[in-house]
Amino acid sequence: MTAPDVSDNELLAAVAGGDHAALLGLYDRHSRIAYGLAYRILSDAGAAEEAVQDAFLRIWRRASTFDPARGGARSWLLTIVHHCAIDLHRRRAGAPPIVAGLDEIIDRQATPDAWGEVTERLDQERVRAAVTTLPVEQRRAIEMAYFDGLSHREIAERDGLPLGTVKGRVRLGLRRLYDELREPEHATERHRGT
Amino acid sequence: MEPNMTMLRHNGLRELLGVYALDLTDADETAAIEAHLPTCTECRAELSELRAAVGALPLLTAPLEPPPALRSRVEAAILAEPPTAAGSPAPVPLPQRPATPTNVITPPPSFWSRGKPWAAVAAILLLVSLGLLAWNLQLRRQIAALPTPEVIALAPSDAAPNAGGEVRYDPTARLFMLDVHDLPALPAGEVYQVWLIGDAGPVPVGVFSSPTDRYAVIADRNRYQTVAITNEPGPLGSPGPTGDILVSAPL
């Protein structure tokens, strides 16, 4: 349906200009990851569908806030899917939202990520392999935050840990993941002794 | 006392960057981090790496084929949205019927009072918004095609006669990149400090200590008129400039 050599960034720019087919083109490319992610978070097909639909509607509405020059359209899109799923997950669990507005968070995705286009070329195998190199407590903290939508306070309460420990595990785990994904052959040397 | 508290604050906020990259900080933590980031290149660099790692996390899940009906629902939802919601500028407001002064003959019925002008108004708005959409797309293409951001020379001063360099501003990233060379050697314990000067006075945006260096600042150019570098007591500089201006440039 969409020409294979049109990039996600170009599609998103077209969406910002009001192109419905471009939005559906992004859906066709990324709906399996989006739905898989939403399903993992929500464990319910109906809720996962609702989250994905909500996400693509927000993508439609806010495409113009994405800066095409900075790269990372797929990351931006999947971040919105993730946040819609977590938002729904927390509401279904009766938990209060962590911050006021989903839209504010979307608009805040302004800091360019370190790799731009490189992030776009990652695949599942590489990311899974990289995550297995994390110390288990760092991995667990990141997974609780990312897939359960738990704040550092909630993780600390749930696991009976000091708040600073949780913050540190999340931060160090993400840094290690970044190093591992950037240069897998050097990351183990850099972390010797960590 | 002051520099120690600033350092503690920086360390404390830096510990939160992982949680912030996951968008899980509460309102107070978020506000504190967002106030700190423009003044700290170290935190901004780290945040960008952390966000890149977070960007990889969706790939941990197995892809799953959604039901075909979901695509139809997404399509129906976006088709139901009004055209302006897709990000084009707001439509031009309807022209007002001019007020009639009492000592002037009433003008003949205007376009607006002649029966049902709404179809014509809708047609005009559609043309205008299509025109604005085309302009918006054109502008985006132009921005994407910009070869290099604008370059401004950094002027030396009596305190730094051999110094120089350039400021580049990237409007799409709202990023200033300073390339400076041959700053005078620092007295012991001091640092070079970068200032953006706007209507509210000089704003400190960071420090570095190498006489030839590249320094990046995220800021909105429209709010400032000048960029300058002074030397200040280290390790974190001063809240307001105390040293001589070494180099500067108008923005």
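How many helices and strands are there in chain B? In this predicted model, chain B holds 6 helices and 8 strands, and along the sequence these elements follow the pattern α-α-α-α-α-α-β-β-β-β-β-β-β-β. Of the 251 residues in chain B, 35% are buried, and among the contacts in chain B with a separation of 6 or more, 58% are made by residues 24 or more positions apart.

Two strand pairings in chain B can be set side by side, each with one pair of residues that stand opposite each other.

| Strands of chain B | Sense | Bridges | Opposite residues |
|---|---|---|---|
| S1 (residues 150-154) and S2 (residues 164-170) | antiparallel | 5 bridges | B:Leu154 and B:Gly165 |
| S2 (residues 164-170) and S3 (residues 175-181) | antiparallel | 7 bridges | B:Asp170 and B:Leu175 |

Strand S2(B) thus takes part in both pairings, being joined to S1(B) and also to S3(B). In a regular strand the side chains alternate between the two faces of the sheet.

In chain A, the axes of helix H8 (residues 136-148) and helix H9 (residues 152-159) come within 10 Å and cross at roughly 120°. Because an angle between 115 and 145 degrees is neither roughly perpendicular nor roughly antiparallel, H8(A) and H9(A) are oblique to each other, and their crossing is right-handed. On the H8(A) side the contact is formed by A:Arg140, A:Ala141, A:Met144 and A:Ala145, which meet A:Ile155, A:Arg158 and A:Asp159 in H9(A). Sorted by class, this contact comprises 4 nonpolar and 3 charged residues, with no polar ones.

Note on methods: Residues are numbered from 1 along each chain as its sequence is written. Chains are lettered from A and ligands numbered from 1 in the order in which they are written. This is a predicted model: local features need pLDDT of at least 70, side-chain atom pairs count only at pLDDT 80 or more; totals for chains, interfaces and linings use all residues. Side-chain values use heavy atoms; hydrogens and water are left out. Axes are lines fitted to C-alpha atoms, for helices over the stretch in contact, and angles run from 0 to 180 degrees between N-to-C directions. Helices (H or I, at least four residues) and strands (E, at least two) are DSSP runs, numbered from the N terminus. Angles under 35 degrees count as roughly parallel, over 145 as roughly antiparallel, 65 to 115 as roughly perpendicular and the rest as oblique. A crossing is left-handed if the near helix is turned anticlockwise from the far one by less than a right angle, and right-handed if clockwise. Contact means heavy atoms within 4.5 Å. Ala, Val, Leu, Ile, Met, Phe, Trp, Tyr, Cys and Pro count as nonpolar, Asp, Glu, Lys and Arg as charged, and the others, Gly among them, as polar. Two strands pair if DSSP finds at least two bridges between them. Buried means under 20% relative accessible area, exposed over 50%, partly exposed in between (1.4 Å probe, protein chains only).
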